[in-house]
Amino acid sequence: MVFHDAVNVAINQVDYEPDSSVNGSLESVSMIGPELCSLGEAWAPFIAPWCINLIMDIATDKANLPNATLQTTDPVRVLLDITTQNLTLLNSEERAKCIDMMLGCRACSWAVGWVGRAEPALVAPRALALGADAARAVLAHLANHPPALLHVRAALVELFQEGLKENSQAEKKRDVIPYLLNLALKSDIVLKALTQDIEQTLTDDVMERLSVVCAAQRNSGAWEGVGPTSLVALLLRSDIRCLLLLLKHAQRNLFSRQLLEYLLQKLEFECLFPDSNIPLLTSAAEEIDIVREKLLTGNQLEQYSIARILILVCYNLPSEFVTTMSYLLQYSRSDTTLALLVRILSGTITMHTPSDSSEVSADTERYQSLVNTGVEYALRQSMTSDTQIKRCFIEGNVPEDKKTYLHHFCLNLIKLLRWENGGRVTHLRTRPIGRAVEANVQRVGAALRHYASLLRPRPPYTAASLPEMPTCHALAEVLDRVDITGTKAPPPSVEAILKVVQATVRYFFRCLHIEDLMEKTLGVQTACRLLRKLCVHSKLARAVALRELLETAMFREERAFGSKPHAPAHWRHDQLLMHLNQKHGPITQLTQSHTSVFHAGIIGKGVRKSSDHDDNGQLPPILTTNNELLMGALMSCMDGNSGIVEGATSISLLLVELVSPDVMYNGLPWPDEDFTKQVSIERELYMRGALERCAVARAALRRAARARPALCLASALLRANAATLLHRLRAHLGG
């Protein structure tokens, strides 16, 4: 009576609050609770059944109230605590009887779930012996205690395996499977317990036995509610590993294949509703790494089915669209997976927009920025992967193709760009890949410059230790296949163009050192095409390209063109004629005056000895070829008639700037008398010697002479050669 009164007061506490005398029952309950919990094992067999009967009476009496309301009252909580405390003091048989008492009352399933937290291994199997609705109610309350999930799963697996045993009763075989499926439809905890580690539960042997049992008993009455519709409803709420298991058996089982198609169609239909929340897709997003790996390694049915799943995931989560695209660009090794990438790309963009809708272009533009980001991520991660230590390099299992991760990424881009330019792939007619590469052309150029650098770090046991030129060829081909002239899309920024120009020039000179003639020629041709595209609409790019080509060829790569060193190794700096003549005094030395002394030898040592560098022998064929290739690169920067004249003019000015030791007069009119006083024969000899030593400068002057009047701007060099020759001739005739 005290507990019944206390429950009534707790439920209607607002009505009883003015009358403080009625609250005595609540105070009595608060005092009774600790006393009944501390009586010990001797009283536990009497207290536990008494509390359970009292809970059953209260639950039956208050069946019209929500369980949450009843559980939150203080008297009921005290009763539950007393019951739980005393149950732990009973032996296993007595505890089982108490649990069975509670399970027999339909109204107190919430109490079983609460008390069962202390003995989940005892409650879970007994709850499964009830009907589906009663078991669902008990397990739902038991699910509030996370450690109980392990015991629920153990009980479910045991029941499932018992139903599949050959020596078990026929009725049990017939009822277990539909019972578990119906229970999973009604209970999330049962579904979660069944799908946890499902690969270990549904092994190949178990699946064979399950097929036999289902085929034998599926026409019985217990199976009426179990069909494809209910199975699909379960799969929609399950884990992605269940789908992967279904894919595994769909390859050889017709029913599984039909169920898979039904599931995919249901998923695509449900995703048409913006507010839909499908647990299967949520699980696929959480386990996206497993799904992507299966996309690369699975069979044809698995690949195409997972591609449909990824389309739905990518549409709901744009971030997964970016990472999925980046992953496939990096790790695809076949045309099939690249075709799946195109399918995911087009399916994500057009999934909810009809092809004849006006919103197609808006959706395409919205997703184009995501495609750009995907290409950027793939490029960055490929370069990072090349610098990471890999197990295959440590173990000596270097890939046979010896390709870097960036090389594979470029090959995939080249394949996609080839499909785009071919125009045969409908989904690529909007040029999503080409536009993405064009948006990242500066980063691609930076990657080419980095890999073409001789000072690039090459950590051991990484892909960076592999030969870099194949990767450079692939990067150059990617740049060659996109539109960087601004014909099909807005042109790149000035900064991006300059970065690509510098990278292309560095790549060009790396190609000159390749021993294989065919590879060398193809690389140089690619570099020349890139220079032509970059310089055709940009005078700034042309100026930078010409300067980079000439400076590098004359001062950093001079040996590749047969140029002689600035001074032989056995000549000291103070033995040069310019410095020797400066020792004669501070008198200004004019070009044609008697104060300018022409020394034919070294003071105090006689006539200067000739060396191997002074011979006039012909250049080796390979050096002549390099010179021709360099001239071809220079001409590539000068496309069109006006471009040739302007380019040749720039070459003439650059040669004067690079050869002259100081600022020279370079105008077309003849210089005035004041300027001629600043010109000495030593400076003229220095420029003449520089031209004679540098094969590149002579070849560039010959090319400039073909575009009149560009050679006139190099008059300072011509005047220097003419003045020194006339001086020598006059000295010879005078002698």
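**A guided reading of the predicted model**

The mean pLDDT of this protein is 80, and 80% of its residues reach 70 or more. The structure is a predicted model, and the confidence values therefore bear on how its parts may be read: where pLDDT is low, the predicted coordinates should not be read in detail. Two segments call for this caution. Over residues 585-602, pLDDT stays under 50, and the model has 36 contacts beyond four places in sequence for this segment. Over residues 611-615, pLDDT likewise stays under 50, with 8 contacts beyond four places in sequence.

The overall architecture comes next. The secondary structure comprises 39 helices and 2 strands. The protein has 735 residues, of which 47% are buried. Its accessible surface amounts to about 37300 Å², and carbon and sulfur atoms account for 54% of that area. As for the contacts between residues at least 6 apart in sequence, 76% join residues that are at least 24 apart.

Toward the N-terminal part of the numbering, attention may turn to a feature of the surface. Leu39, Trp43 and Phe46 form a nonpolar patch there, and together they have about 350 Å² of accessible area. Tryptophan 43, one of these residues, is located in the loop between α3 (24-37) and α4 (44-61). Its relative accessible area is 47%, so tryptophan 43 is classed as partly exposed, given that this class lies between 20% and 50%.

Helix α13 offers a view of a single element and its two ends. The helix spans residues 188-195, and its buried residues are Ile189, Val190, Leu191, Ala193 and Thr195. At the start of α13, a side-chain oxygen of serine 187 comes to within 3.5 Å of the backbone nitrogen of isoleucine 189; isoleucine 189 is itself among the buried residues of the helix. Just after α13, aspartate 197 adopts a positive phi of about 55°.

The last stop is a residue of helix α24. This helix covers residues 360-386, and serine 385 lies within it. Serine 385 counts as buried because its relative accessibility is 6%, below the 20% limit that defines the buried class. When residues up to four places away in sequence are left out, serine 385 touches Gln330, Tyr331, Lys390 and Tyr405.

Terms used:
Residues are numbered from 1 along each chain as its sequence is written. Side-chain values use heavy atoms; hydrogens and water are left out. Patches are made of residues with over 30% relative accessible area and no salt bridge: like charges are joined within 9 Å, nonpolar side chains (Val, Leu, Ile, Met, Phe, Trp, Tyr) within 5 Å. Accessible areas come from the Shrake-Rupley method with a 1.4 Å probe; for residues, only the protein chains shown count as cover. A salt bridge is a side-chain nitrogen of Lys or Arg within 4 Å of a carboxyl oxygen of Asp or Glu. Helices (H or I, at least four residues) and strands (E, at least two) are DSSP runs, numbered from the N terminus. Buried means under 20% relative accessible area, exposed over 50%, partly exposed in between (1.4 Å probe, protein chains only). pLDDT is the predictor's confidence in each residue, from 0 to 100. Contact means heavy atoms within 4.5 Å. A polar contact is a pair of N or O atoms within 3.5 Å; within protein, one must be able to donate a hydrogen and the other to accept it, and residues adjacent in sequence count only if both atoms are side-chain atoms.
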